[in-house]
Every structure is written in C-alpha cells, then in structure tokens.
Amino acid sequence: MEAVHCDLCGQKDARFEAKQTDFMHQSTTEVFSVVSCTTCDLHYTNPRPTESEIGQYYVGSYSFHNAPSQLKRYIDELLYFFANHLFFVYLFNWIPFVREKLILRIRPTIADPIREFLKKNPNASFMDIGCGAGEHAHFWGHRGSVTGYRRMGVKNVYAMEIAEKARESLREKGVTPFKSLVDVPADLKLDVIRMNWSLEHVHRPSEYFQFVRQHLKPGGLCLLTIPNNDGILYRMYPDCLELPIHLYHFSPDTIHKYAQKHGLVVQKTETFSYPGSFYFNGQVYPSRRDSENASGPQGFARMSLVEAYYFNRVLQRAGNHLGNDLIVLLTV
Ligand SMILES: [Zn+2]
C-alpha cells in the first residue's frame, strides 16, 4: 500500500469522503478510503495498492481481458435488442433468468464518436488504451471494439494493454500492442486516442494527459469515458464505489482542470446513466446494510424489467452533468 498526494495539483492535504470494501468483485474484505483534494477537489483512493500490488485485486473473472466466442457475441447482441424493445420487455418480464440479463442491457442510444470519425477517415491511426483483448468496447459493444474497427477496414490500429494474454490476442488480429506508455515511440503521432473506462484504473492520470498532448495530431480526437463521481448514483450513495481498482473518481470539473493543465481543449462533455448500474449495485451492495432501514441502493435490485425500461427513459431527462458515466472529447 502507498499513500499519495493529489495527482492533479500536488497538494498533500485531503479530506475523507467515503470508505468501502470490494463488494463488486469480492477480491478482498479490506476497506479502502476515498479522499478529496482540499485545493482542486480531485477524488482519489488513498492509501491505495501499489502498481505491483494492484494485480491481486483484479479477479480472474474480470471478463474484459478474455476474448468471447462468436456465438456468445451473437447472443449478447440479441439480448440487447430484446432489452430495448418494449414488446420483448413485456414478454420477458415474467421470466426471472432472462429478466435479469435484460435489465442489465437496457441502455440509451449514444453514437460512437470514434466509429463516426474512423468511417470518415479510414486511413487514420487509432490507439485504444486499456482495451483488454479488444473484442468489446464496454458501452459500444463489439462494433466499437478494436477488432470491430479492424473489420471496418481501419489499418493503423494500436493498443495499450497490461495483460500479456490480451496483447497476444491483439497481435493475432493485426493490432500493434504496447505494454505501457514508455514503450510507445516518441515520434508516433495518432489521429485518434481512446481511453474507454480505463483512466480511473491508472496510478498517475497526469501521465496519460501528457501522453495525449504529445501523441495526438492537430485535428485529431481523444475520447475519454469514465464513471462520473458527480452522477446521481454516487450522489445518492457516495460509498457505491468500485474499490480498490478504481483509483480515481473524476467529475466533469476535475477533467476540465486536467485538460487545462496539460494544454488540451475539452470539445464536449456528455453524461448518461442506465438502469443496470443501479440494479447491479443494489444486488451486490454489502448485506450488512440490508435491513428495513437500508441506506444503500438495495431497493433497485427489486425493479422489474418493465420498470427498468421506463426508468431508463426517466434517467435520460437528468441534467447533463448528473449521469453516472461521463464521455469527454479532447483535442489539442
Ligand atoms: Zn489537487
């Protein structure tokens, strides 16, 4: 474990915000604290596992690092289709096993800005930082993944991924993988850089902003997607945190400060939520709070599929900074 200063401004004074154990992946029963910088308000996990210790908290089933089969991908796409069409929502509302799978897949429709950029510029060079095996791009699924873009005809695809097995799998698909920032040649210039729900996992986000500043071409695009610590879920339940693997808990405000510090321009920020994050947190939140006076999100685990469908519509009406996830577009 290590105690650290603020990565954004260097301040060492911080105030306590929340504490939590790893209720999401159950890698440990240790309790971790999140603090906020008294100068710039960056929220971060402190003390935290060091770079050599953090691996033990990524449980084997952290599915992102494994490549799914073709069949699994088709089934997944079919489930997304059912989850977002009212007819199927009513149909499957009474089948418990399917219901749960569908609730987790109800999503707003958000265009993939990288896909749109690469469609217009198929010769562009693209790097995905922290992409696992490159088969799945979280919110944008298989179509928005590194291999999805390769299938689209994008030739210059680079990736940064710490897991050796994932790098091997990327190499087989014609992607050039790097293990870390220092392995990237200084003169490699990129049209597009993406960090899809990975910035919150790194030990020093500053180095990544610096990397973008150094490697992104003028006119290029950097996409950051991260959990939004200002989002509704975290405002309601400040200890609903993915610890210890989330080392930073950003907000639109702290991302703006990072960008300004590193000479980057925030072109756009957008937030969104989906019912699955409330539902999943409700299911796995520590049971010691599961009483009549539960203070956590447990009640969300009892929502029906039909409720989740309409909840999704209601969530899209929240203010632009209140979604649980944040999309940022940066340029140089
Ligand atoms: Zn600070």
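**Note on the zinc site and nonpolar cores**

1. Both C37 and C40 are buried, where buried means under 20% relative accessible area, exposed over 50% and partly exposed in between, with a 1.4 Å probe and protein chains only. C9, by contrast, is partly exposed, its relative accessible area being 37%.

2. This is a predicted model, in which local features need pLDDT of at least 70 and side-chain atom pairs count only at pLDDT 80 or more, while totals for chains, interfaces and linings use all residues. Residues are numbered from 1 along each chain as its sequence is written, and side-chain values use heavy atoms, with hydrogens and water left out.

3. The zinc ion has as protein donors (N, O and S atoms within 2.8 Å of the metal, or 3.2 Å for Na, K and Ca) the SG atoms of C6, C9, C37 and C40, at 2.2 to 2.3 Å. Along the chain these donors follow the spacing C-x2-C-x27-C-x2-C. The site is tetrahedral, with angles of 99 to 119° among its four donor atoms, the criterion being that all angles lie between 85 and 135 degrees.

4. The largest nonpolar core, meaning a set of buried Ala, Val, Leu, Ile, Met, Phe, Trp, Tyr and Cys residues joined through side-chain atoms within 4.5 Å, has 40 residues, of which L42, M127, L199, L224 and I255 touch the most other members. Apart from it lies another core, of 32 residues, including C240 and F92; C240 is buried, with a relative accessible area of 2%.

5. Leaving aside residues up to four places away in sequence, L199 touches P205, Y208, F209, L224, I226, F250 and I255, contact being heavy atoms within 4.5 Å.

Terms used. Four donors count as tetrahedral if all angles lie between 85 and 135 degrees; four count as square planar and six as octahedral if opposite donors are over 155 degrees apart and all others between 65 and 115; anything else is irregular.
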